[in-house]
Amino acid sequence: FLNEDQLQVSYSRRIRRPRGWDLIPFTSYSNNRNMFMGNPDLNPQYTDSYELSYVAKIGKFMVTPNIYYSNTTDNIQRYQSINELGVLITRPINVGTEERYGGDLTFTYRPWRWWNIMGNVNLFGYRTKGEYTDSYINPTTGAEITTTTNFDGDGFSWFGRLNNSFTLPANFSAQISGFYRGGMKSAQSERKPMYGVDLSISKDLFNDNATITASVRDLFNTRGFEMESWGDDFYLESYNRWGVRSINVTFTY
């Protein structure tokens with residue numbers, strides 16, 4: 001192609017294996033009304049992906065638009081139910097299929113020698129199909145209680161990342177990066193949007209033989225997300241975090 005532009009077509013088949021704690025059948029809990037239980041019968045999920053992308057360079061601007069479609073079988077999802085003791089049990093299950101289709105845009109831009117920008121935006125639709133049947137024995141009556149949950153649904157979401165790198169005077173450099181992840185809704189839950197920002201500043205010392213770096217992870221203390229979960233006999237609101245804001249200083253020689 002002219003100007004070294006490229007058109008790329010790709011197909012891939014990917015596997016997502018269950019994590020260790022997803023397979024362990026023992027319960028863990030944050031309180032005695034809310035427990036997580038692994039599923040030793042959990043199978044891997046497989047995804048077939050088809051992608052079409054175009055790579056173009058226009059001056060200082062390089063852009064890669066991409067469209068894709070994927071289909072996942074034995075889709076791994078979280079299933080929640082109230083057991084015979086009135087405790088909310090969350091466990092992973094394989095249920096039905098999930099389709100995703102959409103487009104993303106990756107770009108790099110260097111407006112000046114001291115400033116480099118990299119970004120990515122992904123917009124996608126999703127559609128799930130399947131149902132799950134669960135049963136347990138009522139300890140009072142001895143009767144078997146069976147419930148069937150329908151996982152059919154669809155929606156639209158997006159996420160994006162932006163990274164800025166700066167080369168500054170006096171051997172200083174800085175980097176600020178952020179992301180935004182839109183909400184998603186499934187048959188039993190809805191995850192609210194979330195975002196986060198990281199910042200780091202470094203300086204080279206001793207004729208570039210040493211570097212001191214100060215960084216802040218989760219600058220605005222926002223890297224967490226709200227969840228709503230529901231079923232025929234429960235409703236739950238929760239707020240989840242992987243960690244808290246942290247400040248680090250490192251020295252390398």
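In what order do the four strands of the open sheet stand? The order is β14-β15-β18-β19, and the pairing is antiparallel. Strands here are DSSP runs of E with at least two residues, numbered from the N terminus, and two strands pair if DSSP finds at least two bridges between them.

The model is predicted, so that local features need pLDDT of at least 70 and side-chain atom pairs count only at pLDDT 80 or more, while totals for chains, interfaces and linings use all residues. Residues are numbered from 1 along each chain as its sequence is written, and side-chain values use heavy atoms, with hydrogens and water left out.

**Strand pairing**

In the open sheet, β14 (184–185) and β19 (234–241) are the edge strands. Each has a single partner strand, so one side of each is left without a neighbour in the sheet.

Three antiparallel pairings are listed below, each with one residue pair.

| Strands | Bridges | Residue pair |
|---|---|---|
| β14 and β15 (189–191) | two | Met184 and Arg191 |
| β1 (6–16) and β4 (45–58) | eleven | Arg16 and Gln45 |
| β4 and β5 (61–73) | eleven | Glu51 and Tyr68 |

Strand β4 thus appears with β1 and also with β5. The hairpin of β4 and β5 has two residues between the strands, and Gly59 there takes a positive phi near 65 degrees.

**Nonpolar surface patch**

Leu105, Val121, Leu123, Phe156, Trp158, Tyr180 and Tyr195 make up a nonpolar patch on the surface, with a combined accessible area of about 630 Å². Two elements, β9 (115–129) and β12 (153–168), give two or more residues to this patch. Patch residues have over 30% relative accessible area and no salt bridge, and nonpolar side chains (Val, Leu, Ile, Met, Phe, Trp, Tyr) are joined within 5 Å. A salt bridge is a side-chain nitrogen of Lys or Arg within 4 Å of a carboxyl oxygen of Asp or Glu. Areas come from the Shrake-Rupley method with a 1.4 Å probe, and for residues only the protein chains shown count as cover.

Val121 lies in β9. Its relative accessible area of 31% makes Val121 partly exposed, a class between buried (under 20%) and exposed (over 50%).

**Aromatic contacts**

Rings of Phe, Tyr and Trp (its six-membered ring) pair if their centres lie within 6.5 Å. By this rule there are 14 aromatic pairs. Trp112, Trp114, Trp115 and Phe166 form one aromatic cluster.

Arg181 lies over the face of Phe225, at 5.6 Å from the ring centre. Such a charge has NZ of Lys or CZ of Arg within 6 Å of the ring centre and within 35 degrees of the ring normal.

Notes. Patch = residues over 30% accessible without salt bridge, like charges linked within 9 Å, V, L, I, M, F, W, Y side chains within 5 Å. Buried < 20%, exposed > 50% of the residue type's maximum accessible area, 1.4 Å probe, protein only. Phe/Tyr/Trp six-rings, centres within 6.5 Å; stacked < 30°, edge-to-face > 60°.
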